[in-house]
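Q: I should like to learn how to read the features of a protein model. Could we take them one at a time?

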Amino acid sequence: MNISVFDLFKIGIGPSSSHTVGPMYAAKQFLFNCMEQFPLTKIYSVKIELFGSLALTGKGHGSDTAILLGLEGEEPASVEPEQIPNRLKRIRKNRTLCLMNEHKIYFEEEKSFIFKYEDLLPHHSNGMRFTVFDDDSTKLREENFYSVGGGFILNTKEIQNDNEDFGAQIPFPFRTCEELFEHCTKTGMTCRELMWINEQTWRSESDIWEGLLEIWGVMQECTQRGMSSTETHLPGGLNVRRRAPELYKELVDNPETSPAEMMDWVSLFAMAVNEENAAGGRIVTAPTNGGGGVIPAVMHYCHRFRSEFNEDEIITFLLTAAAIGILFKEGASISAAEVGCQGEIGVACSMAAGGLAAVMGCTTSQIANAAEIGMEHNLGLTCDPVGGLVQIPCIERNAMGAIKAINAARLAKRGDGNHIISLDKVINTMHKTGKDMMHIYKETSLGGLAVNIPEC
Ligand code: SF4
């Protein structure tokens with residue numbers, strides 16, 4: 001699978017890339033596939049089944065909402081988060097769905113939306129099945145999709161052949177850090193330069209430049225909204241307070257002279273993003289939503305605490321981080337349902353460490369070292385969101401991931417690039433650890449903090 005930087009950094013909505021962004025894409029894709037076979041007007045009813053982790057944490061992660069909007073033709077990048085509550089109210093009150101914003105059908109959510117908590121589809125814990133029927137109750141089409149993390153979706157055929165490349169060939173293909181290094185050594189190019197050339201497979205140079213700056217712009221807007229929100233609590237019923245606005249005010253009104261204040265700012269940036277995510281706001285998957293505060297926080301750290309963070313450095317950061325993200329996507333997983341929180345916060349931390357190291361002028365070996373440290377100290381991290389909501393421990397965990405990423409980059413910069421555990425080895429270890437991790441710790445809310453907090 002050839003992966004673009006824009007596959008890893010996608011503009012979407014909260015609270016989850018695998019449970020919100022992916023399902024919305026899947027619902028729309030399913031209807032596209034239907035339209036190739038028959039006119040939408042043939043559809044009389046629709047059935048949606050969610051399996052495994054999608055069923056267990058789907059409500060808390062907004063999967064049902066995302067699918068309904070996807071069936072109405074919406075996409076995560078363009079749907080207006082503020083309009084979602086009214087859209088849902090309309091669907092539920094009128095009991096109608098307007099498929100692809102073209103064809104209205106009767107829709108009884110309680111009967112047509114089925115959560116299969118005990119069942120799994122064969123290839124992944126985040127499975128969903130869409131079925132449509134005509135007015136004789138004859139099945140017109142049925143299709144399974146899998147949301148495999150970071151908003152990526154695959155159908156049954158694609159997930160069975162996940163290692164095959166169906167898309168365009170890129171000039172410098174790589175699946176491992178060793179292969180990436182080989183290209184760098186042969187050509188004398190940096191990771192950023194290689195990625196820049198690979199990206200031109202899909203886009204012009206100006207589109208890549210503008211697109212990456214837009215990604216950074218959306219990250220900045222998201223952070224700013226989180227810091228200045230006037231809402232006091234997050235939705236979902238846990239009664240979690242938004243802390244970013246108060247912390248922001250405190251830092252502005254009462255600045256300290258301690259160097260440790262930098263950590264407060266980095267934590268603030270990360271928490272602001274993830275509070276917005278928890279509230280269903282506009283966010284960039286980086287490379288997921290749950291861990292989506294780490295990279296923006298480290299970029300804001302560059303913006304605020306480094307003398308220069310110009311457009312060129314923004315591009316360097318994002319392309320280098322994406323190269324590392326590709327290694328994890330190819331060699332392990334960025335899906336918490338597969339490998340726990342290692343795949344979200346761990347990968348984001350590793351990517352951010354590599355991106356920051358590149359901006360700090362590190363060598364390719366030092367960048368790999370930074371990324372390796374970033375993951376090594378997230379190995380074994382479980383996914384156990386309380387109440388199935390991406391709030392506890394997720395929001396604070398982004399702050400921890402961002403601080404760790406900065407530390408990893410600085411440690412690598414102080415070294416000579418030599419390290420005993422290679423990035424490939426740590427990716428492999430993370431993958432194996434994820435496979436050994438019990439199901440209850442992989443985005444099911446059946447273990448860990450999710451079951452060990454006192455009832456309020
Ligand atoms: S615990 Fe980690 S992986 Fe799980 S939902 Fe929260 S941020 Fe995502």
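Q: Into which domains is the protein chain divided?

A: This is a predicted model. In it, the protein chain is divided into domain 1, residues 12-160, and domain 2, residues 177-452. Taken over C-alpha atoms, the centres of domain 1 and domain 2 are separated by 28 Å.

Q: How many residues does the contact take from domain 1 and from domain 2?

A: The size of an interface is often given as the accessible area lost when the parts come together. Here one may instead count residues: the contact takes 25 residues from domain 1 and 31 residues from domain 2. On the side of domain 1 that touches domain 2, the elements giving two or more residues are β1 (10-13), α2 (17-37) and α3 (52-57). The largest share of that side comes from α2, with four residues. By class, the residues of domain 1 on this side divide into seven nonpolar, 17 polar and one charged.

Q: At what angle do α2 and helix α4 cross, and within what distance do their axes come?

A: Two packed helices are described by the angle between their axes and the distance between the axes. The axes of α2 and helix α4 (residues 63-71) cross at roughly 30° and come within 7 Å. Because angles under 35 degrees count as roughly parallel, α2 is roughly parallel to α4. The crossing in which α2 passes α4 is right-handed.

Q: Which residues of α2 and α4 meet?

A: From α2, the residues are H19, T20, P23, M24, Y25, A26, A27, K28 and L31; they meet S63, A66, I67, L69, G70 and L71 in α4. The contact of α2 with α4 divides into ten nonpolar, four polar and one charged residues.

Q: How should the packing of α14 and α16 be read: at what angle, and with axes how far apart?

A: The same two quantities apply. Helix α14 (residues 311-331) packs with helix α16 (residues 345-359) at an angle of about 140°, and their axes are 8 Å apart. That angle makes α14 oblique to α16. The crossing of α14 past α16 is right-handed. Among the residues that make the contact are F317, L318 and I324 of α14, and V347, M351 and L356 of α16. By class, this contact of α14 with α16 has eleven nonpolar, six polar and one charged residues.

Q: Which residues come nearest to the ligand?

A: One reads a ligand site by listing the residues around it. Of the 14 residues around the ligand, those that come nearest are G290, A336, C341, C383 and C394. The shell around the ligand has eight nonpolar, two polar and four charged residues.

Q: Where are the cis peptide bonds from G14 to P15 and between A286 and P287, and what is omega in each?

A: The backbone angle to consult is omega. For the cis peptide bond from G14 to P15, omega is near 5°; P15 has its place in the loop between β1 and α2. For the cis peptide bond joining A286 and P287, omega is about -10°. P287 is found in the loop between β9 (282-285) and α13 (294-305).

Q: What is the phi of N101, and where does N101 lie?

A: The angle to consult here is phi. N101 has a positive phi of about 60°, although N101 is not a glycine. Its place is in the loop between β3 (96-99) and β4 (103-106).

Note on methods:
Residues are numbered from 1 along each chain as its sequence is written. This is a predicted model: local features need pLDDT of at least 70, side-chain atom pairs count only at pLDDT 80 or more; totals for chains, interfaces and linings use all residues. Axes are lines fitted to C-alpha atoms, for helices over the stretch in contact, and angles run from 0 to 180 degrees between N-to-C directions. Angles under 35 degrees count as roughly parallel, over 145 as roughly antiparallel, 65 to 115 as roughly perpendicular and the rest as oblique. A crossing is left-handed if the near helix is turned anticlockwise from the far one by less than a right angle, and right-handed if clockwise. Two residues are in contact if their C-beta atoms, placed from the backbone, lie within 7 Å. Ala, Val, Leu, Ile, Met, Phe, Trp, Tyr, Cys and Pro count as nonpolar, Asp, Glu, Lys and Arg as charged, and the others, Gly among them, as polar. Domain bounds come from an automatic or database domain assignment. A residue is near a molecule or strand if its C-beta atom, placed from the backbone, lies within 6 Å of it.
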